[in-house]
Amino acid sequence: MAPMSFPGTRPASIPMARATLRAVSASRAVFFIASGLIYALAIALATLTLHAYFSQTWDVVTFIHAARALLDGNSPFDLYARSRAAQTWPYAYPPLHAFVVALALGVGDAVRVLPDFLWARVPPLLADIGCALALYAILRRKTDDERLARTGALLWLFNPVTFYDTAVQGHFESEWLLFVLLAYASFETSRSTLLPSLALAVAVLFKQIAIVFAIPLWVMSLADNRWRSVVVSVLLFGLVVSAVSLPFLLYSDDFLYMNFTYVENVPVQTQSWIVAVLGLTRASPDALTSDFFLLRYATFVTLLVTAALAFVGARRGWSVYLVATFIALAFFLTSKKVMGYYYVMLLPFLFAEVLPTRRWRVAGVAIVATAWISLSPYYAAWTNHAHWWLYAALGTAHSAFFVWLWVRLLVDDAHGGDAETPAVGQRSAIVTSTGLFAGGLFAALGQPLACNTTSPIRAPILTPGTEGLALVAFGGLVALLLVTLAIATRATRAFGVPLPRAAWGIVLIFAPLYFSVYYLTKESTAIFEIALKVLGV
């Protein structure tokens, strides 16, 4: 007997479903094309208008030199020997970033448009957009919620720490993060280790730190008693990394020196409680290194903590994104080198973990906190060493936040999230993040009008005689932010819930910081030191 059917229902529903899918696909394409173009334009314009202190940082110049070393007709395998000998551009990373920057510079040479320091940012800019797409796909699969998935992509692209990483510092955290996200997404859907192994190998060939995010997949596979898969995965991972690295290693031992010895010997450069450890254990009042085991063996401590977290996560059934979030927090707490642009590594893993359960408040607090920490005063060789305890106190406060976030995530994992109103948190996170992004962008765009010729790290804050111009410029920045916040508030009315006033307040509180750093090109540390001197501290 033929199955019972209802005339008219099937023929009408199929075309309707297909039309809906086509509409969603078209809307999705428009969303990502528009978002990507707006983001790319914002990063490009900010890079071109920022002071050379930021647009042409030491790291960006290093990347350009490394790329040029691959393009000048000499052996590409002498990259590390030349970098070590030059000393002025210490390329202390695996080779892939140098290769992709060389490709970008090659395109720039062909079209003869725009400076090298902008072309050097093209690979990380594209990787930023790639991370947004990967995060969207992860969230869409987890929640089947189109608006939530798009919100996650927007929060990644249009947040102040991504802006700082790519536009201001010209760094490439998103390149290795993209491949870690691809590895995790593949592992989650299939539990296979083949494609994840390849993706993680590529991630490590961009930057060494990616190795700590490979460990959870191997430990989770071991917990599932898939020993053979782990052996194959590690062998494949090692084969890919070796195939790319071995020619450089055979050419000279400078490859090992720059990637391991040089990195291991860097001074303390962080904004955490580690500054207190340094101050209490160093041999002289102005030393930036110490033989204390937490500092001398910081890399091994981080690896041990990572392995422990992966083991605990596998035993307790944590998601790979929660484990990765804890690993990022552990890195911030144990590493002696955590530059401002490193904090961006927390966000994609945190978003993938908390957004599916609508924990928007956690995501919003993390965006605001990392926005502050990435630009906050930091202890350096050029600061007054008598003030080390103040930087230690500030770093300890930052570390306390990371511990709080750690505990909050553990509690939420045990109790299934929190009781916040999802729509309120989602709307607030969008407005706050885009507002902070706009604050940094507008301050950067106004920089050519600053006429401030003072040192970024020394007094005075302003060139004498430019106080009036600075006041007008700051008023203009605030006005632009108010307009942006009004537009963002209007654009998010569809959520149907009131927007907390704190969203506007937080953005406006950050305005002086962005004005000082991006418009005046004055490090927050320099302003901190000037303020302490005025106060007689």
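Is arginine 28 buried, partly exposed or exposed, and what is its relative accessibility? At 24% relative accessibility, arginine 28 counts as partly exposed, where buried means under 20% relative accessible area, exposed over 50%, and partly exposed in between (1.4 Å probe, protein chains only).

The model is predicted, so that local features need pLDDT of at least 70 and side-chain atom pairs count only at pLDDT 80 or more, whereas totals for chains, interfaces and linings use all residues. Residues are numbered from 1 along each chain as its sequence is written, and side-chain values use heavy atoms, with hydrogens and water left out.

**Salt bridges**

Side chains of opposite charge can pair when their charged atoms come close. A search of the whole structure finds 15 salt bridges, a salt bridge being a side-chain nitrogen of Lys or Arg within 4 Å of a carboxyl oxygen of Asp or Glu. The table lists three of them, including the pair formed by arginine 28 and glutamate 146.

| Pair | Closest N and O atoms |
|---|---|
| Arginine 28 and glutamate 146 | 3.5 Å |
| Arginine 140 and glutamate 146 | 2.6 Å |
| Glutamate 353 and arginine 359 | 3.5 Å |

Arginine 28 lies in helix α1 (residues 9-49) and glutamate 146 in helix α8 (residues 146-157), so their salt bridge ties together parts that are 118 residues apart in sequence; helices here are DSSP runs (H or I, at least four residues), numbered from the N terminus. Glutamate 146 counts as buried at 15% relative accessibility, while arginine 140, at 24%, counts as partly exposed. In the pair of glutamate 353 and arginine 359, the glutamate is buried at 12% relative accessibility, and the arginine is buried at 4%. Salt bridges that share partners join Arg28, Arg140, Asp144, Glu146 and Arg150 into one network.

**Packing of α7 and α8**

Helix α7 (residues 122-143) packs with α8 at an angle of about 155°, their axes lying 8 Å apart; axes are lines fitted to C-alpha atoms, for helices over the stretch in contact, and angles run from 0 to 180 degrees between N-to-C directions. The two helices are therefore roughly antiparallel, a term that applies to angles over 145 degrees, with those under 35 counting as roughly parallel, 65 to 115 as roughly perpendicular and the rest as oblique.

Contact, meaning heavy atoms within 4.5 Å, involves residues of α7 including Asp128, Leu135 and Arg140, and residues of α8 including Glu146, Arg150 and Trp156. Arg140 and Glu146 thus belong to this contact, and a salt bridge also links arginine 140 with glutamate 146.
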